[in-house]
Amino acid sequence: MSIQDTLKQLGIELPPVAVPAAAYVPFVQTGNLVFLSGHIAKKNGKPWVGQLGLDMGTDEGKQAARAIAIDLLGTLQAAVGDLERVRRIVKVMSLVNSAPTFTEQHLVTNGASELFAAVFGERGAHARSAFGVAQIPMGACVEIELIAEVG
């Protein structure tokens, strides 16, 4: 099944690339690697604000991470022209806006990781880091960046 068919089956329509909120570009390609800048969680087109362990639970954080993964896929498609060119999702780094006692950043980040696996199959398996941080720009609950290999 093609990636476009998989996305359609999952009910996912990829968004256009978001305009950067500061002095950076959405993606950079060097050689066969594409580096996507961090994307923050959005809900209804606005930053998805919250702090895990304070006013958000793990399940809602996981939904936010999945929403970011969809945005990242839109940016990746803009970067490479066709998601079929993606050989591998290489690395995902996730920052989770966390209360000091919250320790389930890895489970929140699964929202993105599981979607990449569903879309790309084996090519979606990736190395990953998930960190708890004191704050994310605009108060967003999660921010994720991605590195992909293309052919």
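**Figure 1. The largest pocket of the predicted model holds about 450 Å³ of space.** The lining of this pocket is made of 22 residues, and those closest to its centre are Y24, G38, H39, I40 and K42. Two elements, β2 (33-40) and α2 (58-80), each give two or more residues to the lining. The model shown here and in the other views is predicted, not experimental.

**Figure 2. The lining of the largest pocket, by element and by residue class.** The largest share of the lining comes from β2, which supplies four residues. Sorted by class, the lining residues of the largest pocket are 14 nonpolar, five polar and three charged.

**Figure 3. Q51 sits in a loop of the predicted model.** The loop that holds Q51 runs between β4 (46-47) and α2. Q51 has a relative accessible area of 16%; buried means under 20%, so Q51 counts as buried. Leaving aside residues up to four places away in sequence, Q51 touches M56, N97, S98, A99 and A134.

**Figure 4. Q51 and A67, a pair 16 residues apart along the chain.** Between the C-alpha atoms of Q51 and A67 the separation is 16 Å. A67 is not listed among the residues that Q51 touches, which include M56 and A134.

**Figure 5. The secondary structure elements of the protein, taken in order.** The protein contains three helices and seven strands. From the start of the sequence to its end, these elements follow the pattern α-β-β-β-β-α-β-α-β-β. The radius of gyration is 15 Å, close to the 15 Å that the globule rule gives for 151 residues, so the protein is as compact as a globular protein of that length. Along the principal axes, the C-alpha trace spans about 40 × 35 × 30 Å.

**Figure 6. Burial, contacts and surface across the protein.** Of the 151 residues in the protein, 42% are buried; Q51, shown in an earlier view, is a buried residue. Among contacts with a separation of 6 or more, 82% are between residues 24 or more positions apart. The accessible surface of the protein comes to about 7500 Å². Carbon and sulfur atoms account for 54% of that accessible surface.

Definitions and conventions. Residues are numbered from 1 along each chain as its sequence is written. This is a predicted model: local features need pLDDT of at least 70, side-chain atom pairs count only at pLDDT 80 or more; totals for chains, interfaces and linings use all residues. Side-chain values use heavy atoms; hydrogens and water are left out. On a 1 Å grid over the protein atoms alone, a cavity is a set of points where a 1.4 Å probe fits but cannot get out, and a pocket is an open set with protein on both sides within 12 Å along at least five of seven lines; lining residues have an atom within 4 Å of a point. Grid points are joined across faces, edges and corners, and a volume is the space filled by probe spheres set on the points. Ala, Val, Leu, Ile, Met, Phe, Trp, Tyr, Cys and Pro count as nonpolar, Asp, Glu, Lys and Arg as charged, and the others, Gly among them, as polar. The radius of gyration is taken over C-alpha atoms; the globule rule is 2.2 Å times the number of residues to the power 0.38. Buried means under 20% relative accessible area, exposed over 50%, partly exposed in between (1.4 Å probe, protein chains only). Contact means heavy atoms within 4.5 Å. Accessible areas come from the Shrake-Rupley method with a 1.4 Å probe; for residues, only the protein chains shown count as cover.
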